[in-house]
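Trainee: I would like a close look at a single part of this protein, the open sheet and what surrounds its strands. Could you take me through it slowly, and then place it within the rest of the chain?

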Amino acid sequence: MAPAAGAPPQPQAPARHSPGATGGAPSPVGRLAATVERLRREVRAAQAEAEGRALVELAKGVLVERLGCGPAEAARQLTELAEQAGMSPLEFAVEVINQAAKDRVAEVTDAFIATVSDTDTPAEVSAAVRLRAAESGALAAHDTQAVADSLLQHALGPLGAVAVAIWAAGADGSLTLAGSAGFAAGEAGRWRYVPPDVATVARLGLAERSGQWIGSLAQTGLPTVGRNTHPDGGRVALPAGTGGRVHGVLEIAWPGPLEPQPPQVVRQVEALAELCAHTLQSYPSGQGAGPEPRVLPDAAELMDLADGLHDPALVLVPHVDAAGQLVDFRIQHVNDRFLDPAGRPRAVVNGALLLEAYPMAAGGSDLFQRIERVHATGEPFRARRMSLTALVDEVPLSAVADLSISRHGSCVLLIWRIEDETARLASLLQHAQRLGRIGGFEENVLTGETTWNGQLFALYGRAPSSAPVPLEELAAHAHPDDAVGIGRFLRTLLHHRRPSSAAFRLQRPDGVTRHMRLVAEPVLDTDGRLVAVRGAYQDISAQHWTEVALAATRDQLAQTEQHASERGRLALQLQHAIMPPTRAPLEVPGLQVAVRYRPAEEEQLVGGDWYDAVVLPSRLVMLCVGDVAGHGIEAATSMVVLRNALRGLAVTGAGPGQLLSWLNMVAHHLTGAVTATAVCGLYDPVGRTLRWARAGHLPPVLVRGSDAAPLPLLKGLLLGAVPETTYEEEEIQLAADDTLLMYTDGLIERRDRSVEESLTQLLNQVSTVPPTLDQQLDRLLTYSRSDTDDDTCIVGIRLG
């Protein structure tokens, strides 16, 4: 009996000869083995014939309808036509079904044929037969488990897959293993249920309509069923959905890495995922007899619910095209409290398609895509203060709303609570009263828009028609001695995202100086991102002068506090005495130079970090930064010795490597064997070249256009470690508009990450070049992510 189409080829067992046999005649054992092998082939052929019988009978029905003949004549015609085409009856039956159906399975048949080679297995059925057999098995299966077995046996096995899992998606975002094949029973049992918000490979399949094609599980690190068996195997996770609804995920496993697949294979697997969706729609839990199919609530019930709400609400129902694909949502009902953002009557909106009534919903806010995703996955969506210009372009810019989108059965409920300009200003006034402020403000971090009330304009001595002062420019309107406190205030508020306060002296345009107290808090969205800052200014001048007047009569405690304040003031004066001014750039044609210094956030306002920028007698510009180990007066004293020594050595005309070699001897022999790091550079304004060397210090960062990268890591020990050493130096060519930054580790150092990660964050920050070099250095200090409370020095140059 010849093997039927669909049966896998079987190896021919060689005849076994008994040593005593003559004339090559097989022994009784050999004849018995041959008989067993023949019976096995016949059993497999019978199984294949039984599997294909449904397809043959279906093809006969097509011929009965097309030829107008009886069943017997149709069977004879099928056999004769198959012989004329040189095909088996099963293969020819599939061809007849494909030509009659013209469905998605027929469309991907050619792609399937191209991916399955049968050159080595002549008895193998064609790829089209396997795909139709998989479809037949899936549609006839009594549960999802049988569908998984059919897909693996008929369709996915020839592609090299070893296992398949069909997941049912719950309304709460959970995943249930409805059926699987190829995985160990114990492994499948452990993965029967995945709670919501647990990241797995199957959940990745819900993120995009095209699914996820993962070359190797080692690339993701995500858990999934069967990961221990094939840790480096490829995986595919596709959403299983129909008519815009996602009912689950089809996950396929390969034993080894999966190469990128051609489009034909992608369409083929997508067709199999759609087959799974039909089964999940009928049997969401995977069982065929026990649970009842999903019951979708009537839209009328949701309409009654919307009418009972106190907020404007719309009931949306899916609108599909002739192919069953979701293209829009129809506004089935609007409640009595509904107010159209564009002011149109309810009758105009009720019954219209969503994108026709609100064409901007598919714009930048992705409102339509969010509604579509809620309908597909059942996961609700919430958003606060969403601009209603995302719906219609006639809405004023100030109109915002809180949105709520949720799915109920096959319908979607959209609720918005509109907040107008009056309500927003009233809310701003309430926040001002809660924080005890006089002049309130709100600054949108995303758009840069700043809103002041009338009292704040009066406090600043500015006309109400003038532009408000954003927080970034606050230091420019304050006394220079208050710049450090303002910087700490901005860092706490914008970087750490915590409420903060600061006291400073406001210098108004009319020449009056007022003592102000500034209190502010960050506003975060649902994802924890900073979207706005709101706060208040309070004039505390009267309180300040009262405290000054009472200071003369205070007791010893007040005197102690005054002495502490004097020590801080003396430390600040000491810092100014031993460090060059930060706001006095060098006068070098075609070169901008800016320097910044921020002491550690401790009682001492001086430390071991130092910088220098000076024009030498040779007309070269020496640029350097350094960091002496430790803080306080001792570190500051050593810092002064090294900085002044380097200035004196630089007049010799030696290169940066030689200067650091001499400075190393100074650090080792003349300063009590202190250790320090430093980077030194000599810039030639004529040739626009920079020679530089480093002593255990982080290399400078070069910003050219939108690219930022550190200079090569030259060899050089830290200063003072050994009596004598040499330092490697290098020369680089700079170009117009280049920016070079030298800095100490206090700018980037963090306790929870490596220096390499912190340096990468710095490169991302400096790649966006502000209009001026001073603004760039100020932003680096304000948004510095360092948390080690270390001193910070920055020297920056920009070529004109």
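Mentor: What follows goes through the sheet strand by strand, then turns to other parts of the chain. Please keep in mind throughout that this is a predicted model. In the protein there are 23 helices and 26 strands, and of its 800 residues 46% are buried.

The part you ask about is an open sheet of six strands, arranged in the order β3-β2-β1-β6-β5-β4 and paired in the antiparallel sense. Its edges are formed by β3 and by β4, which covers 212–214, and each of these pairs on one side only.

Let us begin with strand β1, residues 163–169, which runs antiparallel to β2 and is joined to β2 by six bridges. Within that pairing, Gly179 of β2 is the residue that stands opposite Ile166. The hairpin made by β1 and β2 has five residues between the strands, and there Gly173 adopts a positive phi near 90°.

Strand β2 itself, residues 175–181, has six of its seven residues buried, and it is therefore largely enclosed by the rest of the structure. On the way to the sheet's edge, β2 pairs with strand β3, residues 193–194, through two bridges, again in the antiparallel sense. In that pairing Tyr193 of β3 stands opposite Thr176.

Part of the setting of these strands is helix α7, residues 144–156, which lies across β1, β2 and β6 (245–253) and runs at about 50° to β2. At the other end of the strand order, β4 pairs with strand β5, residues 235–242, over three bridges in the antiparallel sense. One position in that pairing can be named, since Gln212 has Ala237 in β5 as its bridge partner.

For a contrast with the strands, consider helix α11, residues 299–307, whose buried residues are Ala299, Leu302 and Ala306. Viewed down the axis of α11, these buried residues fall within an arc of 60°, and so they line one face of the helix. The face turned away from that buried side carries Glu301 and Asp304, both of them exposed.

Further along the chain are the aromatic rings, which form eight pairs when ring centres within 6.5 Å are counted as paired. In one of these pairs, the centres of the rings of Tyr460 and Tyr537 are 5.5 Å apart and the planes stand at 85°, so the pair is edge-to-face. This pair links distant parts of the chain, for Tyr460 belongs to helix α16 (residues 454–460) and Tyr537 to strand β16 (residues 530–539), 77 residues apart. Tyr460 and Tyr537 are both buried.

Tyr537 also pairs with Phe504, with ring centres 6.4 Å apart and planes at 80°, so that this pair too is edge-to-face. Here again distant parts of the chain are linked, with Phe504 in strand β14 (residues 500–507) and Tyr537 in strand β16, 33 residues apart. Phe504, like Tyr537, is buried. Ring pairs gather these three residues into a cluster with Phe441, Trp452 and Phe457.

Links across the sequence can also be considered for the protein as a whole: among contacts with a separation of 6 or more, 60% are between residues 24 or more positions apart. As for the outer surface, the protein exposes about 38700 Å², of which carbon and sulfur atoms supply 54%.

Notes: Residues are numbered from 1 along each chain as its sequence is written. This is a predicted model: local features need pLDDT of at least 70, side-chain atom pairs count only at pLDDT 80 or more; totals for chains, interfaces and linings use all residues. Side-chain values use heavy atoms; hydrogens and water are left out. Buried means under 20% relative accessible area, exposed over 50%, partly exposed in between (1.4 Å probe, protein chains only). Helices (H or I, at least four residues) and strands (E, at least two) are DSSP runs, numbered from the N terminus. Two strands pair if DSSP finds at least two bridges between them. The arc is that of the directions from the helix axis to the C-beta atoms. Contact means heavy atoms within 4.5 Å. Axes are lines fitted to C-alpha atoms, for helices over the stretch in contact, and angles run from 0 to 180 degrees between N-to-C directions. Accessible areas come from the Shrake-Rupley method with a 1.4 Å probe; for residues, only the protein chains shown count as cover. Rings of Phe, Tyr and Trp (its six-membered ring) pair if their centres lie within 6.5 Å; planes under 30 degrees apart count as stacked, over 60 as edge-to-face and the rest as tilted.
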